[in-house]
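Student: I am new to this model. Please take one chain and look at it closely with me.

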Amino acid sequence: MRFRFCGDLDCPDWVLAEISTLAKISSVKMKLLCAQVLKDLLGDDIDYDKVTKLTADAKFESGDIKASVAVLSFIFSSAAKHDVDSESLSSELQQLGLPKEHTTGLCKSYEDKHSALQGKLRETSLRLGRLEAVSWRIDYTLSSSELKEVNEPLIQLKLQAQGAESGSTETTVVSVSANKFRVLLAELKQAQARMNALQ
Amino acid sequence: MLLVLSEEHKEHLAFLPQVDAAVVGEFGRIALEFLRRGTNPKIYEGAARKLCVPVEMVQHGVEGLMFLMTESSKHMISEVDFLDSVLVLGFGEELNQTLLQLYLQHHSQIRSILSQLPSNLPAYHNLEWRLDVQLASRAVRQQVVPMLTLRLLLTGGGNGGNDRSGRVLQTDPSTLLHLISTLEAALAAMKTSHARRIFRNIK
């Protein structure tokens, strides 16, 4: 059976198993649990005490709590990844056996946070060597040990980027003469024009 | 199979009958905590002061108990064999039962801790990817070059399970298709009759 929220693939077995665990809590508590899981996916910390309180009525053990948080995370992130609208998500979840009230609660939360989730997922997509900061300084060289009157401007560029392999910030300092810098600027402006044409 | 305990080990464990059963239970708990977290000499000193015995005796007793537990869990010996091995030490029946209970409660945990020890090859942790299309470069405009960038995250590599390392790879679509077909062939190799025969005989 192909499900759109799983990317037109079969639903994983563990999701099927844990959906029946989710059906054990009431739909009101389910909606609050969804809110907590969405908070976690959007980058805030999840409040585990609240989650434990919510699942205490249904006497979930720690394994069950972890499983229900995991299955909700999977459903939300996978549905946002494949850009599934909430009606399809609702019908597919009901096909999998999640009761109607739980499904409506879940899909309402999904719809509210749909674009925020997609924004967060876009931010965390793989990017190598992200440029973090650029700073520059222009110096004017008066004289040097080689030549008495130099009289040339010089620009120093400091680029702070994330290392491609390591992921930690690396700083590169380059000093560029006026002519070379003019060439650099012209090329970058051409690239920028090309990028603007795509927007 | 029976455990064969060395003389030194028996000497260390000979300390145990001299204390009450509650203390033995406490030692058992300390020993298991040490297996999980590493030793803490302050606890030895505290126990030695309370029991009025030298610190080394307490230390040897606890370490002897730890070794007994790890050896028994390592070989997965049955209850009967465990009791027989412990009989050699000449402890009382109650002490033997306490040790047996300790073993039964914790042997699966100990096995899982022991199984984490030898991890020398890096193992797959996560794969992130992005699909890009190169449209232009400084030298050539008007291009269409699809590229897939991958970051393979691995754990382990000789330093235990918490060491993460990443490799950045780039591939074009045809290499990617080749990669996929090779990996699928590898998965299909698990289903051949040769592999199935071996799996059936391992269990």
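Tutor: Here is a close look at chain A, from its overall build to a few of its residues.

This is a predicted model: local features need pLDDT of at least 70, side-chain atom pairs count only at pLDDT 80 or more, and totals for chains, interfaces and linings use all residues. Residues are numbered from 1 along each chain as its sequence is written, chains are lettered from A and ligands numbered from 1 in the order written, and side-chain values use heavy atoms, with hydrogens and water left out.

Start with the overall build. Chain A has seven helices and three strands. Helices (H or I, at least four residues) and strands (E, at least two) are DSSP runs, numbered from the N terminus. Along the sequence, the order is α-α-α-α-α-α-β-β-β-α. Chain A has 199 residues, and 29% of them count as buried. Buried means under 20% relative accessible area, exposed means over 50%, and partly exposed lies in between (1.4 Å probe, protein chains only). The chain exposes about 12,600 Å², with 53% of it supplied by carbon and sulfur atoms. These areas come from the Shrake-Rupley method with a 1.4 Å probe; for residues, only the protein chains shown count as cover.

Next, contacts. Contact means heavy atoms within 4.5 Å. Take the contacts in chain A with a separation of 6 or more: 57% of them link residues 24 or more positions apart.

Now zoom in on one helix pair. H1 (residues 13-22) and H4 (residues 62-81) of chain A pack at about 115°, and their axes are 9 Å apart. Axes are lines fitted to C-alpha atoms, for helices over the stretch in contact; angles run from 0 to 180 degrees between N-to-C directions. H1(A) and H4(A) cross in a left-handed way. H1(A) brings residues including Trp14(A), Val15(A) and Leu22(A) to the contact, while H4(A) brings Ala67(A), Ser68(A) and Phe74(A), among others. A left-handed crossing has the near helix turned anticlockwise from the far one by less than a right angle; clockwise is right-handed.

Stay with Ser68(A). It sits in helix H4 of chain A. Ser68(A) is buried, at 1% relative accessible area. Beyond its neighbours within four places in sequence, Ser68(A) touches Leu22(A), Leu33(A) and Phe60(A).

Turn to charged pairs. Side chains of opposite charge can pair when their charged atoms come close. A salt bridge here is a side-chain nitrogen of Lys or Arg within 4 Å of a carboxyl oxygen of Asp or Glu. There are eight over all chains by this rule. In one of them, the side chains of Arg4(A) and Asp85(A) meet, at 3.7 Å from N to O. Arg4(A) lies in the segment before H1 and Asp85(A) in the loop between H4 and helix H5 (86-96) of chain A, so the pair ties together parts 81 residues apart in sequence. Arg4(A) is partly exposed at 37%, and Asp85(A) is partly exposed at 34%.

Another salt bridge joins Glu187(A) to Arg138(B), at 3.3 Å from N to O. Glu187(A) is in helix H7 (residues 178-198) of chain A and Arg138(B) in the loop between strands E1 (123-134) and E2 (145-155) of chain B, so this pair joins two chains. Glu187(A) is partly exposed at 24%, whereas Arg138(B) is exposed at 60%.

Last stop: a backbone angle. Most residues other than glycine have a negative phi. Asn151(A) has a positive one, near 50°. Asn151(A) lies in the loop between strands E1 (131-141) and E2 (152-162) of chain A. It is partly exposed, at 36% relative accessible area.
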